[in-house]
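Q: I am new to this model. Please take one pair of strands and look at it closely. Then show me what else is worth knowing about the cores and the charged pairs.

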Amino acid sequence: MKILAVDDDPTFLGLLRPMLAALGKTDVTLAQSGAEALAKLAEAAEPFDCLLMDIQMPGMSGVQLCKHVRDLPAYGRTPIVMITALTGKRFADDAFAAGATDYIVKPLDPLDLKARIGMAERLLKERRITASLEKKMDQRSDVIAIKVDFDAAFPIPGFERGVEYLALENHLLMLGNKRMYATTAFAISVKNAALFFKKSSPTGFVNMLGDVASAISDAVKAEQMMIAYAGAGMFVAVVSSNPTIEQTELEALIQSGIEDFASFYTADRLPLPQIKVGAPARASFFGLFNPTNILDHAIALAQSPQEQKIKPWWSAA
């Protein structure tokens, strides 16, 4: 695993290298600023597999560096783990919005570091599979054999508003009690996703999800949301403030956006995706404080056949 670690504190970098070596990670390059990190990325013969970067650095911050890295063609999905002191956790929101995958708090705990690096390795493997899938999709041929797991959460190609599901969970984990209770999650379901998966090719299924992602992006362009694809035709969004759009209105806007693709689905004799926006889920004292529970509950609400009452959807329990 080829790692680039970025921190303006040389003492910290001096401690980090042997900690990584103890995990068997010896191919480590160090940089002490955002500018130096970008130079290291540009001159690397092979792309780095994982980036560790401090959030708070003079000059170019870790958040700014993360944005620059994500704009590089070779690093669109490279695992990026942000490093922050406890006092810097308030900047982690911006880091996740900029494309960070995970975060770790100083002083580093060896077991925590091992878990984060292990996570990055799993993501690296999954993203290589996804990259192979996209490469085959770019050839525009449905006869190419590709594999797509219906229930799996994976990045949707071209979904600019999207983050990975794991990154969404990590974002919720770092919010803390007070901010967690002010956060709302809701799901956007493709109600006939299973039927579409059965009737279409794997490539067609992923293309359909891309159409839905595009419609979602257009519908929520005025909102500050983090959105991830959770698998099984289900998107999950997290918002930290009251949206300006109601549940039924959002559902109608997304469905209207899907209608723009209707002629393509008709020509291919495929069903038009049908959208349902679920009721919101919030943290509570009754078992929904765990981030995974909140997201799972949001998904369950979107799967429910019971119609939600027409009211400002952020006010629901």
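**The strand pair**

A: Five bridges join β8 to strand β9 (residues 234-239), and the two run antiparallel. Strands pair if DSSP finds at least two bridges between them. The strands are DSSP E runs of at least two residues; helices are H or I runs of at least four; both are numbered from the N terminus. This is a predicted model: local features need pLDDT of at least 70, side-chain atom pairs need pLDDT 80 or more, and totals for chains, interfaces and linings use all residues. Residues are numbered from 1 along each chain as its sequence is written, and side-chain values use heavy atoms, with hydrogens and water left out.

Strand β8 covers residues 226-231. Six of its six residues are buried, that is, under 20% relative accessible area (over 50% is exposed, in between is partly exposed; 1.4 Å probe, protein chains only). Now take alanine 228. Its bridge partner in β9 is valine 236. Alanine 228 is also the β8 partner of valine 163. That second pairing belongs to strand β6 (residues 162-163), which two bridges join to β8 in parallel. In the hairpin of β8 and β9, two residues sit between the strands. Alanine 232 takes a positive phi there, near 55 degrees. In a regular strand the side chains alternate between the two faces of the sheet.

Next, the cores. A nonpolar core is a set of buried Ala, Val, Leu, Ile, Met, Phe, Trp, Tyr and Cys residues joined through side-chain atoms within 4.5 Å. The largest one has 47 residues, and Leu51 and Met53 touch the most other members. Helix α12 (residues 291-303) gives the most to this core: six residues. A second, separate core has 35 residues, including Ile156, Leu209, Ile216 and Ile275. Back to leucine 51. Beyond its neighbours within four places in sequence, leucine 51 is in contact (heavy atoms within 4.5 Å) with residues including Leu4, Val69, Tyr75 and Pro79.

Then the charged pairs. Side chains of opposite charge can pair when their charged atoms come close. The whole structure holds five salt bridges. Each is a side-chain nitrogen of Lys or Arg within 4 Å of a carboxyl oxygen of Asp or Glu. Lysine 106 pairs with aspartate 7, with the closest N and O atoms 2.9 Å apart. Lysine 106 lies in the loop between β5 (102-105) and α5 (110-137), and aspartate 7 in the loop between β1 (3-6) and α1 (10-21), so the pair ties together parts that are 99 residues apart in sequence. Aspartate 7 is buried at 0% relative accessibility. Lysine 106 is partly exposed at 21%.

Lysine 106 has another bridge, to aspartate 54, where the closest N and O atoms are 3.8 Å apart. Aspartate 54 sits in strand β3 (residues 50-54), so this pair ties together parts that are 52 residues apart in sequence. Aspartate 54 is buried, at 5% relative accessibility.

Arginine 116 offers a local case. Its salt bridge goes to aspartate 112, with the closest N and O atoms 3.1 Å apart. Both lie in helix α5, four residues apart, about one turn of the helix. Aspartate 112 is partly exposed, with a relative accessible area of 24%. Asp7, Asp54 and Lys106 form one network through salt bridges that share partners.
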